[in-house]
Amino acid sequence: MLSSPPFVRMSITAGLLIGATVFLHTMSHGEAVVPHAPLRELPYILGSWMGKEQPLDSRIVQAVGVSDYSNRLFFNQLEPPVQLYVGYYASQRTGDTIHSPKNCLPGAGWDPVQSGYATIAVPSGRKIVVNEYVIQQGLDKQLVFYWYQGRGRVVASEYAGKFWMVADAISRNRTDGALVRLVTPMNDPEAKARARLENFTQLIFPRLDQLIPN
């Protein structure tokens with residue numbers, strides 16, 4: 001179940017974001033430029049999945065303020081599709097900061113139904129914790145996995161993400177990072193949708209780890 005009302009969660013997140021943005025503006029001097037491989041280098045074939053790029057409208061790209069992004073729909077003949085969005089920010093000091101899906105998805109007409117966390121074992125032997133989010137619009141239900149990745153960390157919590165952004169700005173002079181979001185329909189039982197996103201995460205994570213700077 002949801003741990004707190006959406007308004008409360010959004011208010012806390014907004015307050016934290018404003019505080020972090022103001023703080024970063026006071027330190028906006030000479031941030032290190034970290035080279036990164038373009039996200040178009042993500043493979044279009046992952047196991048039995050084949051992806052197709054779905055470019056975003058230029059107004060959306062400008063609104064979210066990403067430095068680089070990939071928005072793809074992956075198809076598998078045996079299963080419902082998986083939508084992958086990766087938004088990379090070279091710097092978050094200038095007001096272009098990562099937007100939480102918990103704020104953006106309701107704005108797009110999706111109602112939050114359930115939220116929690118999923119722990120996934122990725123091929124390197126590492127275990128990562130990601131957000132697991134169920135949303136609904138009319139009769140349509142979707143399962144969402146998302147996490148924040150960069151500077152050597154994978155973080156699920158928005159609050160922890162903002163904390164480490166400020167901490168790394170002070171200690172490493174870096175605020176770069178990415179939002180990774182996976183979405184799949186819940187036409188089949190919830191356990192199957194979850195297994196599908198877990199398997200897809202295991203396929204995509206090693207590729208992302210090569211492209212998003214650590």
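In this predicted model, leucine 46 has tryptophan 49 of strand S2 as its bridge partner. This bridge belongs to the pairing of strand S1 (residues 45-46) with S2 (residues 49-53). The two strands run in the antiparallel sense and share two bridges. Together S1 and S2 form a hairpin, with two residues between them. Glycine 47 sits in the turn and has a positive phi of about 60°. S2 also pairs with strand S3 (residues 68-76). That pairing is again antiparallel, and it extends over four bridges. Within it, glycine 51 has phenylalanine 74 of S3 as its bridge partner. S2 thus has pairings with S1 and with S3. In a regular strand, side chains point alternately to the two faces of the sheet.

The protein as a whole contains five helices and nine strands. Along the sequence, these elements follow the order α-β-β-α-β-β-α-β-β-β-β-α-β-α. The protein has 214 residues, and 44% of them are buried. Contacts between residues at least 6 apart in sequence were also examined. Of these contacts, 66% join residues at least 24 apart. The accessible surface comes to about 10,600 Å². Carbon and sulfur atoms account for 58% of that surface.

The largest pocket holds about 310 Å³ of space. Its lining draws two or more residues from each of four elements: helix H2 (58-64), strand S4 (79-89), helix H3 (101-107) and strand S9 (177-185). The lining comprises 15 residues. Nearest the centre of the pocket lie Ile60, Val64, Tyr85, Cys104 and Arg181. By class, eleven of the lining residues are nonpolar, three are polar and one is charged.

Enclosed space was examined next. The whole structure contains two cavities of 30 Å³ or more. The largest cavity has a volume of about 180 Å³. It is lined by 16 residues. Those nearest its centre are Gln92, Ile98, Tyr148, Arg151 and Gly161. At least two lining residues come from each of strand S7 (140-150), strand S8 (153-155), helix H4 (158-171) and S9. H4 gives the most, with five residues. The lining of the largest cavity divides into six nonpolar, five polar and five charged residues. S9 therefore appears in two linings, because at least two of its residues count towards the largest pocket and at least two towards the largest cavity.

The second largest cavity encloses about 30 Å³. Its lining consists of Arg126, Gln149, Gly150, Gly152, Arg153, Val154, Asp209 and Asn214. S7 and S8 each supply at least two of these residues. By class, one lining residue is nonpolar, four are polar and three are charged. S7 and S8 thus contribute to the lining of the second largest cavity and also to that of the largest cavity.

Methods: Residues numbered from 1 in each chain as written. Predicted model: local features only at pLDDT ≥ 70, side-chain atom pairs only at ≥ 80, totals over all residues. Heavy atoms only, no water. 1 Å grid on protein atoms, 1.4 Å probe; cavity = no way out; pocket = protein on both sides within 12 Å on 5 of 7 lines; lining within 4 Å. Points joined across faces, edges and corners; volume = space filled by probe spheres on them. Nonpolar A, V, L, I, M, F, W, Y, C, P; charged D, E, K, R; others polar. Buried < 20%, exposed > 50% of the residue type's maximum accessible area, 1.4 Å probe, protein only. Contact = heavy atoms within 4.5 Å. Areas by Shrake-Rupley, 256 points an atom, 1.4 Å probe, with all protein chains shown as cover. Pairing = 2+ DSSP bridges.
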